[in-house]
Amino acid sequence: MSNDTHNPLDPAETREAAEELLAHLHRVGVPFIPLPNAERVAEWESRFAVSPPASPSGEAGVSAASTPPATKPAPTAAEIGDEVKTPPRAPTSRLQPVESFSVNDDPYPGVSLPIADRQQQLEQLATTVSGCTKCSQLAKCRTQTVFGEGNPGTRFAFFGEGPGADEDRTGRPFVGRAGQLLDKMIQACKLQREDIYLLNTVKCRPPGNRNPEPNELSNCREYWEQQLQILRPEYIVCLGAVSAHTLLNSKLSIGRLRQRFHQYHESKVLVIYHPAYLLRNPDAKKAAWADLQMLMRDAGLVT
Ligand code: URA
Ligand code: SF4
């Protein structure tokens, strides 16, 4: 290697290697890869830049030898940010911080647990929740708590509002009409229910299907927070305004919150219309489909 004239810090090759590594990490399901930060990328590129051999394009550090004539200039850092996700490159709002909410960009507290331990901790928490009476009205009215269920090793948590009559009766989330539509939406993402995890902002059915009250939302908060801390999903999909507002501490409409990724600890958060809303407003299905496509592209579920 001593007579190797190859410069290991060639910026173009370094970028390419980084892209390959990121794509590989995505494919093997590494739960979180930080968002590309154009400023930081530019800073690191300039730190590692080798002095530019006079190249016709004038691109710093791109050697004439590694750049075949008439190729397009090396992509900008911003372009790479998009390209890393999944080809073909599709416009997403990952690089548009405007109106994206980052509730808490610290890592999740604690450590990432083996799947069996996650399962065991979730079961233990479900037992605690089943005896919870913090909300006196809900605890009185419920048939049973609806803790949530799904794959403890999932990349995707779907965060709903609260149990309805069917969920209250069965003890399982999203089994009614809205749940059936949600199943179709999940399948359209090339996923099955067994692949994901479903949870709600409140674990007891609000009587008459009213929205949960603020005090009920805050009483139940510790439970979903612990669920998410155990699961550490790569993506959280907020279904409807109640879960989005609760998770993101925002009062913006779904229309303003959708079509961009927000952040909750290490999870990327996408807000979409609640399937119950879509049942009442089928015209909004197109928007929901666009949002799910954004999720699929980002998650590498489609190319
Ligand atoms: N709607 C929700 O938000 N959650 C459920 O579990 C069922 C319907
Ligand atoms: Fe407890 Fe949550 Fe049910 Fe309220 S909604 S009683 S906090 S489990």
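# Reading burial and pairing in a predicted model

Me: When I look at a charged residue such as Glu234, how should I read its accessibility: is Glu234 buried or exposed?
Reply: Glu234 is buried, with a relative accessible area of 2%, and the cut-off behind that word is a value under 20%. Please keep in mind from the start that this is a predicted model.

Me: With which residue does Glu234 form a salt bridge?
Reply: As a general idea, side chains of opposite charge can pair when their charged atoms come close. In this structure the partner of Glu234 is Arg155, and the closest N and O atoms of the two are 2.7 Å apart. That pair links distant parts of the chain, with Glu234 in the loop between helix 8 and strand 4 and Arg155 in the loop between strand 1 and strand 2, 79 residues apart.

Me: How many salt bridges are there in the whole structure, and which residue pairs with Asp298?
Reply: A search of the whole structure gives ten salt bridges. Asp298 pairs with Lys268, where the closest N and O atoms are 2.6 Å apart. Asp298 belongs to helix 12 (residues 285-299) and Lys268 to strand 6, so the pair ties together parts that lie 30 residues apart in sequence. Both ends of this pair can be read for burial as well: Asp298 is buried at 0% relative accessibility, and Lys268 is buried at 3%.

Me: Which residue forms a salt bridge with Glu149?
Reply: Glu149 is bridged to Arg172, with 2.7 Å between the closest N and O atoms. This pair, too, links distant parts of the chain, since Glu149 is in strand 1 and Arg172 is in the loop between helix 6 (165-170) and helix 7 (177-188), 23 residues apart. Glu149 is partly exposed at 24% relative accessible area, and Arg172 is partly exposed at 36%. The bridging extends to further residues, with Glu149, Arg172, Asp183 and Arg193 linked in a network of salt bridges.

Me: How should I read a charged residue that has no salt bridge, and where is Arg142 found?
Reply: Arg142 is found in the loop between helix 5 (136-141) and strand 1 (149-150). Arg142 is buried without a salt bridge, the nearest side chain of opposite charge being that of Asp168, 7.0 Å away, whereas a salt bridge requires the nitrogen and oxygen to be within 4 Å. The side chain of Arg142 does reach the backbone oxygen of Ser130, at 3.3 Å. Apart from residues up to four places away in sequence, Arg142 touches Ser130, Gly131, Cys132, Asp168 and Cys204.

Me: How do I read a strand, and which residues of strand 3 are on each side?
Reply: In a regular strand the side chains alternate between the two faces of the sheet. In strand 3 (residues 197-200), Tyr197 and Leu199 are on one side and Leu198 and Asn200 on the other, and all are buried, so that both faces are covered. Strand 3 pairs with strand 1 in the antiparallel sense over two bridges, and the partner of Glu149 there is Leu198. Strand 3 runs parallel to strand 2 (residues 156-160), to which four bridges join it; Phe159 stands opposite Leu199.

Me: Which residues have the most contacts inside the largest nonpolar core?
Reply: In soluble globular proteins, nonpolar side chains tend to be buried together. Here the largest nonpolar core has 56 residues, and those with the most contacts inside it are Phe156, Phe158, Leu228, Ile236, Cys238, Leu247 and Tyr264. Beyond its neighbours within four places in sequence, Ile236 is in contact with ten residues' worth of surroundings that include Tyr108, Ala157, Phe159, Leu228, Leu247 and Tyr264.

Me: Why is helix 9 described as largely enclosed?
Reply: Seven of the eight residues of helix 9 (residues 241-248) are buried, so the rest of the structure largely encloses it. Among the buried residues are Val242, His245 and Leu247, and the cover includes strand 2, helix 8 (214-231), strand 4 (235-239) and helix 10 (254-257). Just after helix 9, Asn249 takes a positive phi of about 50°.

Notes:
Residues numbered from 1 in each chain as written. Chains lettered and ligands numbered in written order. Predicted model: local features only at pLDDT ≥ 70, side-chain atom pairs only at ≥ 80, totals over all residues. Heavy atoms only, no water. Buried < 20%, exposed > 50% of the residue type's maximum accessible area, 1.4 Å probe, protein only. Lys, Arg positive; Asp, Glu negative; His and termini not counted. Polar contact = N/O pair within 3.5 Å; in protein donor to acceptor, adjacent residues only side chain to side chain. Contact = heavy atoms within 4.5 Å. Core = buried A, V, L, I, M, F, W, Y, C linked by side-chain atoms within 4.5 Å. Pairing = 2+ DSSP bridges.
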